[in-house]
Amino acid sequence: MYHYTDFDRAFVQERVNQFRGQVERRIDGSLKEEEFRPLRLMNGLYLQLHAYMLRVAIPYGTLRSDQMRTLALLAEKWDRGYGHFTTRQNIQYNWPALSDVPDMLQALADVGLHAIQTSGNTIRNVTADHFAGAAEDEIADPRPVAELLRQWSTDHPEFQFLPRKFKIAVTGAAHDRAVIQAHDIGIQIVENAKGEIGYKLLVGGGLGRTPMIGKVIEEFVAQEDLLPYCEAIVAAYNLLGRRDNKYKARIKITVFENGLDAFRDAVNEQFARTKPAFSGVDVKLFEEIRAQFAPPAWRNAPVDAYDATYEADPLFRSWADTNLTAHRAEGYAIVSVSLKKPGQTPGDATAAQMRALADLAQAYGHDELRISHEQNVILPHVHKSDLPALHAKLREHDLAAANIGLVSDIIACPGMDYCALATARSIPVAQQIALRFEELKLEHDVGPLKIKISGCINACGHHHVGHIGILGLDRAGVENYQVTLGGSGDETASIGERAGPGFSADEIVPAIERLVLGYLELRDSPEESFLAAYRRLGPAPFKAVLYPEQEAKRERADAA
Amino acid sequence: MPRKFTPKVVTANRLLEGDAVWLTADGRWTPDMREAELLDEEAHAELRLLVAQSQADLVVGPYLADAVAGTAGPEPTHFRETFRTRGPSNYAHGKQVEL
C-alpha cells in the first residue's frame, strides 16, 4: 500500500492550514459566500438540504485499518455516528458544522487522507477495481496506475478549471468491475503479443443527462507514454470542451460533437507537446509506487476449518456462496461485506461498524480494506481458515448480509433525503425494494441482478447501467420514478432503455416486483440472468409485465 | 401575462450549522417554518429577500419558497421544502426530532 512521502504530507498539511484560515475568515466576515464557496468546494465541502456535507476521497477505494478508524472517528466526533460510502469510492459525512471541518480535515491528514478535488471542475478521485491486487483474473494491480494518476492530477496547475468535472477509472482485468466505460477516461491494463504491459484507453464515457459508452481512443499505450497521453487527452479537452453550456461541457460531448477521430488528432497534437516534457521521471516514480503495492506475504495454511464450517453451518454457507470471490492466492478468498442489509441505507456504516471492519482487516486481512463503487466494503485478502471467525464477528456487528450481487444489493445515491440537487428520494425506494424481496424470500432464486437508483438526472446512482435502473424525478410537484432496463456497467456495458411512463412513489416497488417475478417466468433456465434474458428477448415481454394494463388493452385491441 | 404571485417565505441555510432556517416577521432566523413570515405581496417579498441577502454572516443562499397559510403558520407546498422542514426519511435526524 502507498504511504505518503514527506512531500505528500507537507502538501496535504498546507491545504488543511489554508482551509482553516479560509473558514475563520468566512466566519469572521472577511470572506463573502461567493468568495468562500469555490474554496470550500475545492476541499470537498458542500452545502446540502439539511446541513453541510464533507466528501472525503478514498483513493482507488483502498484503506488501511488506521485510516478506517479515522473515518469512524469523524463519524462519531463530528457527525451523527455514521458515514455514507458512495459510488465514487468516497465517503460522505452528512452533518458536519462548518467550524469543525478544519479539525476533520486535520484528522484525515494525520492518516494520509484528504478531501481535495472531491468537487469542482477538476480531475476527481481516481477509482479502481475494488478487487485490485486480489482478483484471480487481473493482469496487473491497477492501483499503482491510479496512485500515479492521483499524484499527477492533484493540484495540476493546468487542470484546476476544466470545462467540467473529470473522472478516471482503472481496471487491471478484462472483466470490468470499475465501470471504466462510463468514465471520462477509462483505463484497462492489457498485455500485448510481446508480453508487455500497457494500457487500453477509452474516452468520452459518462452517465448523467446524456449517457454515453466510452470509446477506445488507443488500443495500447506503453507505460512511458501513459501520463503524457492522459495529459494530452485532458489538455485537448480543456481547449475543445464547451464552456458555454454546462450540460454540454463533459468530454463525452466534446468527443461526440467533434468525432472520435478529430478528437484523437487533437490529442496527438497535444501529445507531441506533452511527451518531451516527461523526462522519464514518471516511469521511475511509477516503479517506486508499484513496489509499495507488492502483495503481502501469503500464508500457507490448511483450510479444514473453512470446509467444516461450510458443511455444518447453513448461514455461513449462504454467506460464503454469495459474498466470497476467488482469490489469486491459494487458500485465500476476497470477502465482500455487504452494507445493504435489507432496510438499511445502501452504503451507510456506523462508526462501530467501521471500527469492527478495521479490526477485522488488521486481524485477518493483511490490514487492507476496499470500498467498492457498489457501496460495499471489501476485505481483499482473507485466508479461508479465518473465514468462520470473521463471519461470526460480522454477524455481531450486523454486517453479515448474504446478498452481494443480488436484488437487495442496491446502489442508491443520497437522493432528496440529503442532496440539494436531487429531484426525488432514492434511499426509501432502495429500502422498500430490499425489504419486499426479503419478505418474498426470492432473491437467491432470482440470482444476479443489479438495481441502481438515482434521485436525479445526474445519475450518481448509476441507474443507466443498472440491469434495472430507477430514476427519481419531480413530475409536477410529485415524486415520480422512471424505470430503465438492460443497462450494464461491466465489459459488456450498455445504457438501459427507458421502459415507459414513470411510477409514483407508491407504485414503484410493486412495479419492480412485477418485473422481477415476470423475469422468473421469462428466463429459459435458472442459469439465465435477468440481463441475459433481457438481451435475448428484448424489451417487449418485460414492458408487458411492467405495464399490465397497457398489455391488456393491446390484447383486447388485437382480439377485436 | 405575468404569472400571478403566490405566497412565499424567505428561507436559507444557517452559515455555521448549515441547517434550514426561515425568516420571521421580526427579522429572526427560525428553524421552525411555522414561525416564518408569510409573504403575500410580491414587492414585500422582494424586500424581505434583500434583507436576507444582506445577512451573509448568518445565512447562506437565501431564496423565496412557495408556502401556504396553515393552522399553525406557513406550510410548504412542494415536497422538497417539506423535507427541509423535517430532515431525512432514513434516520430520525434533523428537525423531525430537534424541534
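**Exercise 1. The second largest pocket**

Find the volume of the second largest pocket in this predicted model, and work out which residues lie closest to its centre.

*Solution.*
Step 1. Start with the space itself: the second largest pocket has a volume of about 730 Å³.
Step 2. Now look at its walls. There are 34 lining residues, and those closest to the centre are A:His175, A:Glu374, A:Ile404, A:Gly405 and A:Lys450.
Step 3. Next, ask which elements contribute two or more residues to this lining: they are α11 (314-323) and β11 (324-326), both of chain A.
Step 4. Finally, sort the lining by class. You should arrive at 16 polar, 10 nonpolar and 8 charged residues.

**Exercise 2. Where chain A meets chain B**

Describe the contact between chain A and chain B, beginning with how many residues each chain gives.

*Solution.*
Step 1. Count the participants: chain A brings 31 residues to the contact and chain B brings 25.
Step 2. Turn to area. The two chains bury about 2200 Å² between them, with 57% of it on carbon and sulfur atoms.
Step 3. Pick out the main contributors on chain A. A:Leu49, A:His50 and A:Met416 supply 24% of the area that chain A buries against chain B, more than any other three residues.
Step 4. Move on to polar pairs: 13 residue pairs are in polar contact across the interface of chain A and chain B, both partners having pLDDT 80 or more.
Step 5. Map the chain A side onto its elements. Those giving two or more residues are α1 (6-27), α14 (427-440) and β19 (478-485), and α14(A) has the largest share, with 3 residues.
Step 6. Check the classes on that side of chain A, which has 17 nonpolar, 8 charged and 6 polar residues.

**Exercise 3. Salt bridges, between chains and within a helix**

Locate the salt bridge between chain A and chain B, then explain how A:Glu287 and A:Arg290 are placed along their helix.

*Solution.*
Step 1. Get the overall tally first: the structure holds 46 salt bridges over all chains.
Step 2. Narrow the search to chain A and chain B, where the count is 1.
Step 3. Identify the partners. A:Arg80 pairs with B:Glu98, and their closest N and O atoms are 2.9 Å apart; that lies within the 4 Å cut-off for a salt bridge.
Step 4. Now look inside chain A, where the side chains of A:Glu287 and A:Arg290 also form a salt bridge, at 2.9 Å from N to O.
Step 5. Place this pair on its helix. Both residues belong to α9 (residues 281-292) of chain A, and because they are 3 residues apart there, about one helical turn separates them.

Terms used:
Residues are numbered from 1 along each chain as its sequence is written. Chains are lettered from A and ligands numbered from 1 in the order in which they are written. This is a predicted model: local features need pLDDT of at least 70, side-chain atom pairs count only at pLDDT 80 or more; totals for chains, interfaces and linings use all residues. Side-chain values use heavy atoms; hydrogens and water are left out. Buried area is the accessible area (1.4 Å probe) that two parts lose on being put together, summed over both. A polar contact is a pair of N or O atoms within 3.5 Å; within protein, one must be able to donate a hydrogen and the other to accept it, and residues adjacent in sequence count only if both atoms are side-chain atoms. Helices (H or I, at least four residues) and strands (E, at least two) are DSSP runs, numbered from the N terminus. Ala, Val, Leu, Ile, Met, Phe, Trp, Tyr, Cys and Pro count as nonpolar, Asp, Glu, Lys and Arg as charged, and the others, Gly among them, as polar. On a 1 Å grid over the protein atoms alone, a cavity is a set of points where a 1.4 Å probe fits but cannot get out, and a pocket is an open set with protein on both sides within 12 Å along at least five of seven lines; lining residues have an atom within 4 Å of a point. Grid points are joined across faces, edges and corners, and a volume is the space filled by probe spheres set on the points.
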